Amino acid sequence: MQDVAASTIHLADYTVPGWLVDGVHLTVRLAPHATRVLSRIAFRPNPDSPPVPFTLHGEDLRLIHAAIDGQPVTPVVTPTGLTCDTPRSAFVWEAEVEIAPAANTALEGLYMSNGIYCTQCEAEGFRKITYYPDRPDVMAVFTVRIEGDTPVLLSNGDPVAQGPGWAEWHDPWPKPAYLFALVAGDLVAHSDSFTTLDGRCVALNLWVRAADLDKCEFGMGALKRAMAWDERVYGLAYDLSVFNIVAVDDFNMGAMENKGLNIFNASAVLASPETSTDADFRRIEAIIAHEYFHNWTGNRITCRDWFQLCLKEGLTVFRDQQFTGDLHGHAVKRIEDALVMRNRQFQEDAGPLAHPVRPDRFVEINNFYTVTVYEKGAELVGMLKRLVGDDGWRAGMDLYVARHDGHAATIEDWLAAFQDATGRDLTQFMRWYEQAGTPRLTVTDDYADGIYRLHIAQTTRATPDQPDKPPLHIPVAIGLLDDTGAEVVPTTLLEVTEAQQTFTFDGLSARPVPSILRDFSAPVIVNRTVDAAERAFLLAHDTDPFNRWDAGRNLARDMALRLIRTGGGAPDPGYLAGLRATLTDDTLDPAFRALVLTLPADNDLTIALALDGTVPDPDLIHRVREDIRGAIACDLTDILPDLYAAQQVTAPYAPDASQAGRRRLGNAVLMLLSLTDDGAAAQAQFDAATNMTQSLAALGALLSVGRGAAAAQAFHDRWQHDRLVMNKWLAIQIAMAPPEQAVAITDALTRHPAFDWGNPNRFRSVLGTLAAHPAGFHRADGSGYALLADWLIRLDPVNPQTTARMVSAFDGLGRFDAGRQVAMRTALARIRQAPALSRDTTEMVNRLLR
Ligand code: 0A1
Ligand code: ZN
């Protein structure tokens, strides 16, 4: 195990770079086992820095030679970089190094995926390509020459020249090394173009393997929609003559925003109705937009240091959420984003891995690409927008871009732009970036003599390293309804800044029904004792769609928690009646109705129990959820067949919101129908399906009632040559497995010929799906933990990043009963003892076990 404490990096220790780069010339001579990288870099001392020795980052490089101003030098080389005596004035550094992309299984730096050379440099991968000051506040103009015998040779920026076996690229926009990219391979392009608002024609290419050319059209359309949206909404246009996207099979994350050359996990860009679900289409569009939006929020304005990761990620997620909402409807999108927060981010906040949106220390920054930095980071941006209003938001964004274009910025810079543009004091708001944990608002109310008062108290529990939590500046949107559902006070933003505060509304003729935290206006938990009748009233009448949905979810949640606490029982008639009324209300968007039908996730219930001091029992939680599903299926048996039939789409498949919403509701109903018809409707749908949404949903429904064997085999036989579809085939068998069989099924699938565990998508489809199956993973006998640990120990030397991310599956540590705690600790201790455990995984295990 490594000495991690010694290598912890602290935000407080930031110092400006000692040397700046005026220009970079790279020549890359490609060969699978011996690629040569020649660099020529113009350095000058940073006038803002005291004199410091010249050091460059570098890892896994074989230095062939180095020179300064043409004179050979012999630097001192260490496993993490080199130092060298240099003049105290500007000079040109030259180096030649050798690397072995074919042996790079970590998928960081230059590596090979199915014969295609590609790079991943965020966060600190460039140092595996050549010696360089690999930090985001060193920005430089890059010129790149690639030499190789593949038909396509790509890098950032604009193409300069090319000939047989070589190509040159020049990126005029100064950038940090993490945005460098190179791709070379036997690829073909789906091409198109986009004309910017100021009339420039941009060539667009989506580069794929020839067999995937029929899966590019949707992604290209998504890119063009994103380009037009960013111009229209933010006045931000693309800034090069060409925008290239490349699909690769082996990739640790979804995609990467390299300047002018985005590299995508194939699963995040390739789409066709036969092989992709509606959810895939939506996700692909959002990721393409996300990476494109980074061109301004991340690339033109980048981060000063990696502690500021949320500066680009929170803002860019917020922008992609806005984009999806604008295109497909805000209500459903807001509910989905809130579900991610509640089911995943609140869990992270409540466990040993809790960290602020802007962390102040790390060992390995790759471990901080989290739901807290990304999704909670986006929530902070959304709260800021609510606080400054739409005009203030645009003024602040414009000022932020004008001030920091071409520079590396901080969260302080970000908030200062809004403070200066709007005059609002954001000092207290800054705490959101520094303070981990989910605030809890306790809300009570009273009414007398026409005056209604809301009392709001805020608390945030201690999190690792942060025992005390001063109050936050929380925008709480509320509305007040009368007993017919009419708004007596329309949506109003309350600004909660104190530990306890009272808000008064006068002139009311009767006690109103409050609708609190409308549109999920802040990432907080609201504690308010509300009876089922009031919840049912809001489910029927709330004028805020988010809170209308939330009323139904709270009804279900209160009921589930009650049944869990009492060990079982019958569901509330009030809940079932509310559900019936909502599902049969054809004025409501089917996607919204599908969301109302979705029960609170196991994770959500687990956290609620743990926060209230009850030790959650994963088996019981699962059983109660299943019992409720069974009761719903029984109670609604008279309406389900018609409801299902009404959602069937006869028009040719389109992944639009209208069709997708109907399929979503239809498939949610199908899951219930299967409980009462032994899977007959699901089998019929499976047999007739002409698109992946219908086919996969039917397979899932069949598997969920133990009738999926034949369908699973048929699905396998049809799709065994399609790597992306086979990921779905692997995952769904585990996701739908009964808890007591999930580990055995996972284990069996790891022996299936399709399980190529070095491929991150495959690994996640199998082990990641087990980790996301709460009752399957948290088996009382510890078998789920043991199986995951076995595989993580095997994966770590091959791919530390993916291993470390998946170790977070153990973050229930501290939440469950003593037996499970011991089993989790045993599994983690085994991982910790693995020989030469990576720094990535070591940090995660240590944070979990501290
Ligand atoms: N910046 C990318 C995500 C990303 C992050 C890290 C990676 O490798 C460690 C790869 C991609 C995004 O936000 O889309
Ligand atoms: Zn991003």
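Me: In this predicted model, which residues does leucine 182 touch, leaving aside its neighbours within four places in sequence?

Reply: Leucine 182 is in contact with Val28, Leu110, Tyr117, Thr119, Val144, Ile146, Leu154 and Ser155. A contact here requires C-beta atoms within 7 Å.

Me: What makes Leu182 stand out in the largest nonpolar core?

Reply: Leu182 is among the residues with the most contacts inside that core, together with Val183, Ala226, Val246, Ile263, Leu788 and Val807. The core has 240 residues. Helix α5, residues 371–404, gives the most to this core, with 10 residues. As background, nonpolar side chains tend to be buried together in soluble globular proteins.

Me: Why is α1 called oblique to α2?

Reply: Helix α1 (residues 217–234) and helix α2 (residues 278–293) pack at about 45 degrees, with their axes 9 Å apart. Roughly parallel needs an angle under 35 degrees, roughly perpendicular needs 65 to 115, and roughly antiparallel needs over 145. The angle fits none of these, and therefore α1 is oblique to α2. The crossing of α1 past α2 is right-handed.

Me: Which residues of α1 and α2 meet?

Reply: From α1 they are Phe218, Gly219, Ala222, Leu223, Ala226, Met227 and Asp230. From α2 they are Phe281, Ile284, Glu285, Ile288, Ala289, Tyr292 and Phe293. Ala226 also appears in the list of residues with the most contacts inside the largest nonpolar core.

Me: What makes α16 and α17 a pair of another kind, and what is the term for their orientation?

Reply: Helix α16 (residues 680–688) and helix α17 (residues 692–704) pack at about 150 degrees, with axes 8 Å apart. The cut-off for roughly antiparallel is over 145 degrees, so α16 is roughly antiparallel to α17. Ala682, Gln683, Gln685 and Phe686 of α16 make the contact with Gln694, Ser695, Ala698, Leu699, Ala701 and Leu702 of α17. The crossing is left-handed.

Me: Why is isoleucine 64 counted as exposed?

Reply: Exposed means 12 or fewer other C-beta atoms within 10 Å. Isoleucine 64 has 12 such neighbours, so the residue counts as exposed. Isoleucine 64 lies in strand β5, residues 62–68. Beyond residues up to four places away in sequence, isoleucine 64 touches Glu96, Val97 and Glu98. Its C-alpha atom is 26 Å from that of methionine 139, which is 75 residues apart from it along the chain.

Me: How do you know that helix α26 is mostly covered?

Reply: Eight of the 11 residues in α26 (residues 839–849) are buried. A residue is buried at 20 or more other C-beta atoms within 10 Å. The buried residues are Asp840, Thr841, Thr842, Glu843, Met844, Val845, Arg847 and Leu848. They pack against α24 (800–807) and α25 (818–832).

Me: Where is aspartate 817, and why is its exposure class what it is?

Reply: Aspartate 817 is in the loop between α24 and α25. Exposed stops at 12 neighbours and buried begins at 20. With 14 C-beta neighbours inside 10 Å, aspartate 817 falls between these limits and so counts as partly exposed. The C-alpha atoms of aspartate 817 and proline 618 are separated by 10.0 Å, with their positions 199 residues apart along the chain.

Me: What makes the backbone of aspartate 449 worth a remark?

Reply: Aspartate 449 has a positive phi of about 50 degrees and is not a glycine. Its place is the loop between β25 (440–448) and β26 (451–459). With 6 other C-beta atoms within 10 Å, against a limit of 12, aspartate 449 is exposed.

Me: What can be said of phi in aspartate 465, and why is aspartate 465 called exposed?

Reply: Phi of aspartate 465 is also positive, near 70 degrees, and this residue is again not a glycine. Aspartate 465 lies in the loop between β26 and β27 (474–481). Its 12 C-beta neighbours inside 10 Å meet the limit of 12 or fewer, so aspartate 465 counts as exposed.

Me: How do you know that the peptide bond from glutamate 122 to alanine 123 is cis?

Reply: Its omega is near 0 degrees. Alanine 123 lies in the loop between β11 (116–120) and β12 (140–147).

Me: What does UniProt list for residues 437–527, and how much strand is there?

Reply: An unreviewed UniProt entry gives "domain: Peptidase M1 alanyl aminopeptidase Ig-like fold" for residues 437–527. In the model that stretch is 54% strand and 0% helix, with end C-alpha atoms 16 Å apart.

Methods
Residues are numbered from 1 along each chain as its sequence is written. Chains are lettered from A and ligands numbered from 1 in the order in which they are written. This is a predicted model: local features need pLDDT of at least 70, side-chain atom pairs count only at pLDDT 80 or more; totals for chains, interfaces and linings use all residues. A nonpolar core is a set of buried Ala, Val, Leu, Ile, Met, Phe, Trp, Tyr and Cys residues joined through C-beta atoms within 7 Å. Helices (H or I, at least four residues) and strands (E, at least two) are DSSP runs, numbered from the N terminus. Two residues are in contact if their C-beta atoms, placed from the backbone, lie within 7 Å. UniProt positions are given in the numbering used here, feature names are shortened, and annotations may be inferred rather than shown by experiment. Axes are lines fitted to C-alpha atoms, for helices over the stretch in contact, and angles run from 0 to 180 degrees between N-to-C directions. A crossing is left-handed if the near helix is turned anticlockwise from the far one by less than a right angle, and right-handed if clockwise.
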